[in-house]
Amino acid sequence: MTEQIVDVLIIGAGAAGAAVAWSLADTRMHIVCLEQGDWVRSDAYPGLRSNWELSQAGDFAVSPNTRRRPEDYPVNDSGSPISMSMFNAVGGSTVLYAGHFPRFHPSDFRVRTLDGVAEDWPIDYQRLEPFFALNDRMTGVAGVAGDPAYPPKEVPLPPVRLGRPGRKLASGFNELGWHWWPSDSAIVTEEYEGRAPCINAGTCLVGCPQGAKGSSDVTYWPLAQRAGVELRTRCRVREITIGANGMADGVIYYDENGVERRQRAEVVVLACNGVGTARLLLNSRSPQFPDGLANRSGLVGRNLMLHPYSATIGIFDEPLEGYKGPVGCGLWSHEFYETDPARGFKRGFIFEMNRSFHPMFGALIALPQGRLPWGATHHEAFAGLYDRTLPLLGICEDLPDPENRVTLDEHLTDSNGIPAPKITYRLSENSQRMLDFSIARATEVLKAAGARDIMVESPVKMAGWHLMGTARMGIDPERSVVNEWGRCHDVRNVFIVDGSIFVTAGGVNPTSTIQALALYIADTMKSRLANLFD
Amino acid sequence: MTMNVQLLALVLDELIPPRPDGLLPGAGTLGVGAVVEHAAAGAPELEQLLAHGLAALEDVARRSGVEGYAALSPAARTVALRDIDRAAPMFVPTLLTLACVGYYSAEPVVAALKGSARPPHPLGYELEPDEQSLLDPVRARGKLYREC
């Protein structure tokens, strides 16, 4: 049993855990991070092999239930039309993300005031803006300054190139007079802070051996470790323990050999994503917290938000060379981001261009559409689709619903016997209307860009990447789990810094905002060190 | 019940046959059966589904008076597979999905489609620069975000 007491114990080495570790490191406190996954060695990335796509159905699949690595925990998501996607490693899900890196909009923090839905955040865009900017510099964000969809902001690096798919789509948007802009991308397009530039290999979703994609294992972690943060991999936390004073006094975890260990700490920071954090809190039961740690409000696990995705796929007559370039980074459109009562739903969505599918994924997308028959006509059908598809994703804001939630499964456990999370989630009518609207608009713009035919998947099944809302922030302890700077109302030395503290989901990919929020919380902690628990 | 791997290869060749130009073999001949077996090895329900489907195909063939599926003529194999597709609707779509996973990630197929089997890394691909004037109409519209 380890009885050393560390100053700060961070659980989870993904996007948020890495950012908070780096920021707190300059305090010279003794900081330890426990991560259940491991480093992904650069020579282990599938993109170095010609059959790399096969790994998307295996050890680099987005679903832990498919991947089934020793470091993964299973998720019972049979009660959801959208499956959970995540990755357990140093860098967390950023290892597999596309690197599409929009910020939340100013309006996202004021949805109750502006649109009469959900709740306002206790902080606003202006509060987070310096941390967005810092995070953009730390990550190495590429794009074009001056996007009229946002208040003025700097963009550190030149944009990812559009390629044929992007130019076609841009012309479609221009024809309709709709907004589009080169996406802010967490992908370095020039040498940057010792990282090599993107080579347009297109394997982002199974990791980037080039190190050009801004996953937090290559951005924050090397700097945090150099500054003294200790990162222990293959260590899975079972529960956070509580002392007699009602404060957290550490955690119990299993090391890489499955040996149960204890780590004591003055401060515990959770960064396990919107499913993992709720799971850990619910698994941390005690006489003081019989319903799970920091759960006197009953809100831990509730208000799970996912971003329902529509995928509208244009089929073109000519090859698009869509396998060249970062698959999920090219251009975005914020034309339909804000509420318009005429549309029949509240809030909105962005469009994110994807590039053409590679052979395997292209086939798998076409199969459920009935576009790829077996037998004599198979090859002809495939030839009409391969490298001729242009997917446009609608990322829809998901309003909080307390019935959408993470609980603990009664039977399913991980390899250490820890109860697994169970997802209960249904699409709201608002989301369904938004999805339908996004498909209609995507069809318009794809046809304006020259598509001869359209395929649709909605909601996209394997799109449960964005896990938010299950320990939301707020001023009122009855209506929120953490305060306006991430400290649990019920346990004053436990902080949460991941997407679970989001009050609303916005209609954009959340990683930029998750990391800005983590940096803001770390900064606030540093400024309050003398009275952190008051 | 376990899968008959020879039969599996024949059925895979029926689902994804050789390309008419002769540049690519069918899925079974290419060895995609190994991918199917690997997927089924960790998933008992999947293994049973496939094994039962293959056994049912053999039964259909035997009822037509031949020794098994392999003894059927090419046209009769297609008919038998369509019969099974109607009788056991999960079998063919599931096997076709696995066939596509194995076939379209296999080196010879990737090489035939892309003109090269080289992995994407470390050479990557070139993309030509974009015309920034494409953005002129968007700039001309002005601010889009909502003040608050």
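**Exercise 1. Determine how β10(A) and β11(A) are joined in this predicted model, and place both strands in their sheet.**

Solution.
Step 1. Strands β10(A) and β11(A) run antiparallel and are joined by 2 bridges. One residue pair to locate is A:Ser333, whose bridge partner in β11(A) is A:Phe351.
Step 2. On to the next pairing: β11(A) and β12(A) are also antiparallel, with 5 bridges between them. Here A:Ile350 has A:Ile395 of β12(A) as its bridge partner.
Step 3. These strands belong to an open sheet of 6 strands in chain A, ordered β4-β10-β11-β12-β9-β15, with antiparallel pairing. Its edge strands are β4 (181-182) and β15 (453-457), each of which pairs on one side only.
Step 4. At the β15(A) end, strand β9 (residues 309-315) of chain A runs antiparallel to β15(A) and is joined to it by 5 bridges. A:Gly314 finds its bridge partner, A:Ile454, in β15(A).

**Exercise 2. Decide whether β11(A) is enclosed or open, and assign its side chains to the two directions.**

Solution.
Step 1. The test for a buried residue is a relative accessible area under 20%. In β11(A), 5 of the 5 residues are buried, so the strand is largely enclosed by the rest of the structure.
Step 2. A:Phe349, A:Phe351 and A:Met353 point one way from β11(A), whereas A:Ile350 and A:Glu352 point the other way. Burial applies to all of these residues, A:Glu352 included.
Step 3. A helix is to be added to this picture: α5(A) lies across β10 (331-333), β11 (349-353) and β12 (389-396) of chain A, at about 25° to β10(A).

**Exercise 3. Classify the crossing of α5(A) and α10(A), and describe their contact.**

Solution.
Step 1. Two packed helices are described by the angle between their axes and the distance between the axes. For helix α5 (residues 163-176) and helix α10 (residues 429-448) of chain A, the axes come within 7 Å and cross at roughly 110°.
Step 2. Angles of 65 to 115 degrees count as roughly perpendicular. The two helices, α5(A) and α10(A), are therefore roughly perpendicular.
Step 3. From α5(A), the contact residues are A:Leu169, A:Gly172, A:Phe173, A:Glu175 and A:Leu176; from α10(A), they are A:Glu444, A:Val445, A:Leu446 and A:Ala448.
Step 4. Sorted by class, this contact of α5(A) with α10(A) comprises 6 nonpolar, 1 polar and 2 charged residues.

**Exercise 4. Find the edges of the sheet β3-β14-β13 of chain A, and identify the helix lying across β13 and β14.**

Solution.
Step 1. The sheet is open, has 3 strands and shows mixed pairing.
Step 2. β3 (76-79) and β13 (405-413) of chain A each have a single partner strand, so they stand at the edges with one side left without a neighbour in the sheet.
Step 3. From one strand to the next, the twist averages 40°.
Step 4. β13(A) pairs with strand β14 (residues 419-424) of chain A in the antiparallel sense over 5 bridges; A:Thr413 has A:Pro419 of β14(A) as its bridge partner.
Step 5. The helix sought is α7 (residues 273-283) of chain A, which lies across β13 and β14 at about 70° to β13(A).

**Exercise 5. Show that the buried residues of α3(B) line one face of the helix.**

Solution.
Step 1. In helix α3 (residues 33-41) of chain B, the buried residues are B:Gly33, B:Val36 and B:Ala40.
Step 2. Viewed down the axis of α3(B), these residues fall within an arc of 60°, so they line one face.
Step 3. Their packing partners are α1 (5-15), α4 (44-63) and α6 (91-103) of chain B.
Step 4. Turned away from the buried side, the face of α3(B) carries the exposed residues B:His38 and B:Ala41.

**Exercise 6. Characterise B:His121 and the peptide bond that joins it to B:Pro122.**

Solution.
Step 1. B:His121 is found in the loop between α7 (107-114) and α8 (136-141) of chain B, and B:Pro122 lies in that loop between α7 and α8 too.
Step 2. The peptide bond joining B:His121 and B:Pro122 is cis, with omega about 10°.
Step 3. B:His121 is buried, at a relative accessible area of 5%. Residues of chain A that B:His121 touches include A:Gly47, A:Leu48, A:Ile199 and A:Pro209.

Technical notes. Residues numbered from 1 in each chain as written. Chains lettered and ligands numbered in written order. Predicted model: local features only at pLDDT ≥ 70, side-chain atom pairs only at ≥ 80, totals over all residues. Heavy atoms only, no water. Axes fitted to C-alpha atoms, helices over the stretch in contact; angles between N-to-C directions. Helix = DSSP H or I, 4+ residues; strand = E, 2+ residues; numbered from the N terminus. Parallel < 35°, antiparallel > 145°, perpendicular 65-115°, else oblique. Contact = heavy atoms within 4.5 Å. Nonpolar A, V, L, I, M, F, W, Y, C, P; charged D, E, K, R; others polar. Pairing = 2+ DSSP bridges. Buried < 20%, exposed > 50% of the residue type's maximum accessible area, 1.4 Å probe, protein only. Arc of directions from axis to C-beta. Lists of a residue's contacts leave out its neighbours within four places in sequence.
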